Amino acid sequence: MPDITLTVNGAPRRAEAEDRTLLVEFLRRQLGLRGTHAGCDTAQCGACTVLLDGRAVKSCIVLAAAAEGAEVETVEGLSRDRAAPHPVLQAFEAFHRRPCGFCAPGMIMAAVDMIRRHGEALDTATVRHELEGNLCRCAGYHDIIRAILAAAPTRRPEGRRPRERNATDAADKLRPRPDHGRGPGAVRDG
Ligand code: FES
Ligand code: FES
């Protein structure tokens with residue numbers, strides 16, 4: 001079997017894989033990164049979403065061989081710095097407390113991608129549209145949308161310089177308010 005060499009969560013990785021091995025299988029079996037879930041294996045559910053060279057892809061429809069030399073980010077990479085987990089992870093922890101959590105890794109990686117692409121322009125309609133390829137069987141969409149908006153940069157009045165975002169900023173932003181325990185990223189249900 002040929003070797004596949006790629007960078008995963010910032011570290012060089014190398015392992016054998018058959019030509020037909022899918023990226024999701026390669027990550028889970030060969031590299032032991034089981035945070036990426038395999039749900040449908042037919043590009044329907046989004047549970048297997050990872051970032052491939054910075055863009056969200058469904059790793060159940062990408063051959064591991066096609067990722068040769070690429071940069072892959074999985075959900076494990078967002079908690080590399082245990083003292084300052086990625087703001088999206090913190091937001092999902094705060095808002096997305098559904099029973100199974102099976103969809104969460106894919107939702108989280110899709111969220112990282114959409115926040116990077118849309119930045120301050122990200123709004124509820126855009127999040128809903130972007131999540132079309134990610135399914136939650138526990139119907140936790142409202143909480144997921146709240147989490148993503150809470151983790152996104154906020155629009156600020158023109159001329160005001162945004163503060164640098166860090167874990168403390170994110171934690172402040174997510175601290176529950178007295179009103180129903182919702183953070184400032186909360187959106188209306190509907
Ligand atoms: S497992 Fe890849 S989209 Fe469902
Ligand atoms: S929380 Fe169960 S599938 Fe989303």
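These are numbered notes on the predicted model shown above.

1. Overall make-up. The chain holds six helices and five strands. Read from the N terminus, the order of elements is β-β-α-β-β-β-α-α-α-α-α. Of the 190 residues, 37% are buried. Take the contacts between residues at least 6 apart in sequence: 60% of them join residues at least 24 apart.

2. Confidence. The average pLDDT of the chain is 84, and 81% of the residues reach at least 70. Residues 157–190 need separate handling in any reading of the model. There pLDDT stays under 50. For this stretch the model has 38 contacts beyond four places in sequence.

3. Helix 3, length. Helix 3 covers residues 104–118. It has 15 residues, which at 1.5 Å a residue should span 21 Å. The C-alpha atoms at its ends are 20 Å apart, so the model agrees with the expected span. G119 follows the helix, with a positive phi near 55°.

4. Helix 3, surroundings. Is helix 3 enclosed or open? It is largely enclosed by the rest of the structure, because 11 of its 15 residues are buried. The buried set begins with A104, P105, G106, M107 and I108. It continues with M109, A110, A111, V112, M114 and I115. Both strands and helices provide the cover. Among the covering elements are strand 3 (49–52) and strand 4 (55–58). Helix 2 (87–95), helix 4 (124–130) and helix 5 (141–151) also contribute.

5. Helix 2 against helix 5. Two packed helices are described by the angle between their axes and the distance between the axes. For helix 2 and helix 5, the axes come within 8 Å and cross at roughly 145°. The crossing is right-handed. Helix 2 brings P87, V88, A91, F92, A94 and F95 to the contact. Helix 5 meets them with D143, R146, A147, A150 and A151. By class, this contact has nine nonpolar residues, two charged and no polar ones. Helix 2 and helix 5 also both help to cover the buried residues of helix 3.

6. Helix 1. Which residues of helix 1 are buried? They are L23, V24, E25, F26 and L27. A charged residue, E25, is therefore part of the buried set. The buried residues of helix 1 pack against strand 1 (3–8). After the helix comes G32, with a positive phi near 70°.

7. E18. This residue sits in the loop between strand 2 (11–16) and helix 1 (23–30). Is E18 buried or exposed? It counts as exposed, because it has 12 C-beta neighbours inside 10 Å, and the cut-off for exposed is 12 or fewer. E18 and D3 are 15 residues apart in sequence. In space, their C-alpha atoms are 8.6 Å apart.

8. Positive phi outside glycine. D41 has a positive phi near 60° and is not a glycine. A43 is another such residue, with phi near 65°. D41 lies in the loop between helix 1 and strand 3, and A43 is found in that loop too. How exposed are they? D41 has 15 other C-beta atoms within 10 Å, so it is partly exposed. A43 has 14 within 10 Å, so it is partly exposed as well.

Conventions: Residues are numbered from 1 along each chain as its sequence is written. Chains are lettered from A and ligands numbered from 1 in the order in which they are written. This is a predicted model: local features need pLDDT of at least 70, side-chain atom pairs count only at pLDDT 80 or more; totals for chains, interfaces and linings use all residues. Helices (H or I, at least four residues) and strands (E, at least two) are DSSP runs, numbered from the N terminus. A residue is buried if 20 or more other C-beta atoms lie within 10 Å of its own, exposed if 12 or fewer, and partly exposed in between; C-beta atoms are placed from the backbone. Two residues are in contact if their C-beta atoms, placed from the backbone, lie within 7 Å. pLDDT is the predictor's confidence in each residue, from 0 to 100. The expected span of a helix is 1.5 Å times one less than its number of residues. Axes are lines fitted to C-alpha atoms, for helices over the stretch in contact, and angles run from 0 to 180 degrees between N-to-C directions. A crossing is left-handed if the near helix is turned anticlockwise from the far one by less than a right angle, and right-handed if clockwise.
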